Amino acid sequence: MKPTFCQTYVLYLSPPSFCSASPAFYLFCWPCSCSTCHGWGWSCVLTGCCLCKWLRYQIQLPRNMIENSMFEEEPDVVDLAKEPCLHPLEPDEVEYEPRSSRLLVRGLGEHEMDDDEEDYESSAKLLGMSFINRSSGLRNNMAGYRQSPDGSCSVPSTRTMVVCAAVFVTVISVIMVIYLLPKCTFTKEGCHKKNRTMELIYPLATNGKLFPWAKMRLPSDVVPLHYDLELQPNLTTLKFSGSVKIVVNVLQVTRKIVLHSSGLNITKASLTSTGGRQAKPVELLEYPLHDQIAIMAPEALLVGQNYTVNIEYSANLSDTYYGFYKISYKDEDSKQRWFAATQFEPLAARSAFPCFDEPALKATFLIKIKRDEKLTALSNMPKKATTPVTNGIVQDEFFVSLKMSTYLVAFVVADLKNISRETNGSLVSVYAIPQHINQVEYALNTTVKLLEFYQKYFLIDYPLEKLDLVAIPDFQSGAMENWGLVTFRETTLLYDSKTSSARDKKLITAVIAHELAHQWFGNLVTMEWWNDLWLNEGFATFMEYFAMEEVFPELHSDEDFLNLIFKAMMKDSMNSSHPVSSAVQSSEQIEEMFDALSYIKGASLLLMLKNYLTEDVFQASIEVYLHNHDYGSAQSDDLWDSMNEITNGTLDVKKLMKTWILNKGFPLVTVVRSGRNISIQQEKFLYRVEPENWTSDASYLWHIPLTYMTNRCNFTHCVNAYLLDQKSAVIELPEEVEWIKFNVDMNGYYIVHYAEDWKTLIDLLKKNHTALSAKDRANLINNIFNLASLGKESLENAFELIDYLKEESSTAPLTQALFQLSLIYNLLEKKGEQQLAARVMYRIDNLLGNKIDQQHWTDNGTLSERELRSILLAFACTHDIRQCRTAAIGMFEKWMKSDGTMSLPSDLMKAIFITGAKTNEGWEFLLKMYSSSVSEAEKSKMIEALASTEDVRKLIWLMHNSLEGEVIRAQELSHIVATVSQSLPGYLLAWDFVKENWEKLTRKFHLGSYTIQNLISSSTSQFATRAHLLEVKTFFESKSEESSKLRCVKEALDTIQLNIQWMERNLAKLQKWL
């Protein structure tokens, strides 16, 4: 939107010299006061924008310049003496920021600053106002040009217009002459051959001195080569002490070494030069806002020389899930024990030891850990030696690591037991606390099989001599791929043959496959910066499901991947989405990259590419990529370049894939069949909400590798391919066909609209649904319900398509239909449309009732059959369909009478527990059993049942107790809130809980983390009224600026608006025909 400015131009001949743009772009600047500028600012006649907006993009001032607490006692200082051509600012003319911020300006510099837009705006206003207020006479002259009360600007006098026009012509002529002079920059001092650059604006360190760096990213003048790290955690005092020696190499002459440190009490710092015997004392400066410290050398550090930074420090073991943190658990004798573990990704290595905490700054590590002799210490590398230190204390020294990123460093100190097996020269071990050691065998067998598969597929051996997998009693993520020491939540590693379901086995296998894939994608080759996180997580997710299909085909993991893609597309269809590869800088932005798009969309794009290139070409491309960048870092383009080496000019993979990773969202392909001609057209699939919240899709053009099949399919030629790289095209078939289905097996990341052919496909499913694969049937269900939500297809047709489900027996289409119908049921129920919601449930009963009745209450059958049985019976018992609750309550009461000793079918535990928790007695018994159970799989099902009660007091207690971690661990909180928010009694409670505990939640889980994303999403996803929309929006606006700008907050608001839109579009129609 183009700004509107005052019509009176007051000429400002002296251009703002603090602007780094070419002088031609600010020849004419005039003061303006209008609604667009929100006050006084400079407007430019050529660019048509006011200075505050102009500076947001042209002068980069970091967030650290606008601080509240740090500068409370400091007067404003403006020192521009080093640049004589700059206009001096009088101290009394500097205008204060609304947040009572202070600005210290040492002069403007040649380095670019942090590009956070709000910081630019705040700083620009500060500087802009100073220039406007330079002269009271100028202010008086401008008084006549202010806006009138009605918002319009006064008309300038004829004299003013004539003067402005004359000076305009003069200055244009002068500048044209200047530009004809080679390499000349026009300043007050005349023409210079070399452009004078601006000096850097520096923040203040904690001691009040200038901190020598202003960016969030570290400077490039030194790089780390090696770390010697010594640690001594004390599991009695819950503190740890440490020392680190970092060998750095100097790339540019400097007197500073800037690195990361967070929450560490640094007691000593020194610097040693190469060959130097004596460490020299240094000045240490700290800047907590960016988690940075600066080592100020007494003399210049020389290019090419190595120096050693020596730092001693101490800290508390963290009570969050980040850094080096403590975990409390009860042993076999119910005594409290402590466990210390690490979680460094993405930005927490700096809270365990001072380091260069950026993924591209790889180094080698030698780690030594002092511990109680009764405990076990593990790290990335095998143990080299153990030596006694004092009574009861020993020190473990580990071998020097391979070159790796800081976020992959890991160590664990705890009472652990393990089982091991060797494969291909590497010792694989699985560790757990003693009472769980009998649940690790499945994980060990699975790890060995998958490790062997990956080594054969990549043609690169796993490079370490050992691989440890450790079950952590309290762990926020599912797992973490630390090189050589992979850490897991207990539910994703421990398998109990008596209580673990088919679904549990699939989850454990998938998580292990994911983390092992990271040993190559992420550890061996690491993304250069967090904007390309998808190179790590997208590849690991893709390989996870690919490996499971190859090694464990009986698990049918492709069906799970399909459902994940559907959910990722829901997120990606909103304007709050982001490209797979997105620019990030702040910690919140980096945390938010760990979402479904980096993982699932990234993986689905690789799946689409593999099918288009063919499997052999894709595999060869991966081998080239890994070999080209091993022990280094890479960007997205490096992957495409590796693939282009293999395609050898037959296909420009980079050109094709950039349309997918740099565009947010995905295409909608509309298909119109006319005889042998198939017209296809692409547009962006986007749920549009409020006009100000969505961006135009006119410029979006994907290169889409389309696949399609027809009724003419035969064994020799079934799937056809076509690359749609234009807005529209026509495919000419060799003969007319009865039907056509695009996106075969949902191997492409796009939705298809069949226009008039939907009726043909609906009839096909009714007559012969097996003509299409189970994945294709699930794909059609997903597409037609999404198109109905978009308004391009009727909801009545969507319901007609799923009428065939009475004949369906495959998991993928049944689960997708249940998912879509549950969304509608939940919206209607929360809206107060109880009768209409009951009619939706009646429709589900009519479609699936007979199938529910056919299920046996046992664990018999294939894994796929068992999983489908678990899904259907849990749904039926939750919604009281057929006689499900009668059978479930009978089994629950028998189990309760046996005091929990009776064996229950593991696949049906969820349905049985949910039903049993409906009564007060049953709920209390479940809670007691939860506290005493040693099976994490069983406890996970109990948690979901406890959160399914309709007793609001119990729900409130459950959420608060989990946050405090007293009986139920805080790692379960996200799952509990999500379950509570699904029920009618609980959905408002869940949102109230998030609101009331927001500060506690963000301290525990970190702003932007996956847990915070899930809490916001689940607690607001059921809202469908404008009152709730306003409430959610107002709440986050009242919080910190970082909170209100979270992408997940924008996504929550989009979701509520879409719910409102869906109800307005479909409620009346549903009432008529359902």
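What follows is a walk through some of the strands, helices and odd corners of this structure. Keep in mind that you are looking at a predicted model.

Let's start with strand β10, residues 265-273. β10 runs antiparallel to strand β14 (residues 306-316), and eight bridges join the two. To pick out one of those pairings, find K268: its bridge partner in β14 is E312. β10 also pairs with strand β11, a short run covering residues 280-281. That pairing is antiparallel too, with two bridges, and here S270 has P281 in β11 as its bridge partner. Together β10 and β11 make a hairpin, with six residues between the strands. Look in the turn for G275, which has a positive phi of about 80 degrees.

In the same part of the numbering there is an open sheet of three strands, in the order β9-β13-β12, paired antiparallel. Which strands sit at its edges? They are β9 (254-260) and β12 (283-287), each of which pairs on one side only. Going from one strand to the next, the twist averages 25 degrees. If you want to trace the join between β12 and β13 (residues 292-301), it is antiparallel and has five bridges. L285 is a handy landmark there, with A294 in β13 as its bridge partner.

Further along, it's worth stopping for the aromatic rings. How many aromatic pairs does the structure hold? The count is 53. One of them brings together Y329 and F339, whose ring centres are 6.4 Å apart and whose planes stand at 75 degrees; planes over 60 degrees apart count as edge-to-face, so this pair is edge-to-face. Y329 belongs to strand β15 (residues 323-330) and F339 to strand β16 (residues 336-343), and the two are ten residues apart along the chain.

Just past β16 comes a backbone oddity. A cis peptide bond joins E345 and P346, with omega at about 5 degrees. You'll find P346 in the loop that runs between β16 and β17 (364-372).

Now for some helices. Helix α5 covers residues 441-458, and its axis comes within 11 Å of the axis of α7, crossing at roughly 105 degrees. Angles from 65 to 115 degrees count as roughly perpendicular, and α5 and α7 are therefore roughly perpendicular to each other. Who does the touching? On the α5 side the contact is made by K449, L450, F453, Y454, Y457 and F458. On the α7 side the residues are M543, E544, F546, A547, E550 and V551. Sorted by class, this contact has nine nonpolar residues, three charged ones and no polar ones.

Follow α7 (533-551) out of its end and you get to the loop leading to α8 (557-572), which is where H556 sits. H556 isn't a glycine, yet its phi is positive, at about 50 degrees.

Next comes another open sheet of three strands, this time in the order β32-β31-β34, again with antiparallel pairing. The edges are β32 (720-724) and β34 (740-742), and each of these pairs on one side only. Ignoring direction, neighbouring strands of this sheet are turned by 30 degrees against each other on average. Strand β31 (residues 704-710) and β34 pair in the antiparallel sense over three bridges. To see where they line up, find Y708, which stands opposite F742 in β34.

The last stop is a second pair of helices, α28 (residues 1010-1020) and α31 (residues 1047-1073). Their axes are 9 Å apart and the helices pack at an angle of about 15 degrees. Are they roughly parallel or roughly perpendicular? Angles under 35 degrees count as roughly parallel, and that makes α28 roughly parallel to α31. As for handedness, α28 passes α31 in a right-handed crossing. The residues that meet are Q1013, I1016 and T1020 in α28 and C1048, V1049, A1052 and I1056 in α31. Five of the residues in this contact are nonpolar, two are polar and none is charged.

How values were computed. Residues are numbered from 1 along each chain as its sequence is written. This is a predicted model: local features need pLDDT of at least 70, side-chain atom pairs count only at pLDDT 80 or more; totals for chains, interfaces and linings use all residues. Side-chain values use heavy atoms; hydrogens and water are left out. Axes are lines fitted to C-alpha atoms, for helices over the stretch in contact, and angles run from 0 to 180 degrees between N-to-C directions. Helices (H or I, at least four residues) and strands (E, at least two) are DSSP runs, numbered from the N terminus. Angles under 35 degrees count as roughly parallel, over 145 as roughly antiparallel, 65 to 115 as roughly perpendicular and the rest as oblique. A crossing is left-handed if the near helix is turned anticlockwise from the far one by less than a right angle, and right-handed if clockwise. Contact means heavy atoms within 4.5 Å. Ala, Val, Leu, Ile, Met, Phe, Trp, Tyr, Cys and Pro count as nonpolar, Asp, Glu, Lys and Arg as charged, and the others, Gly among them, as polar. Two strands pair if DSSP finds at least two bridges between them. Rings of Phe, Tyr and Trp (its six-membered ring) pair if their centres lie within 6.5 Å; planes under 30 degrees apart count as stacked, over 60 as edge-to-face and the rest as tilted.
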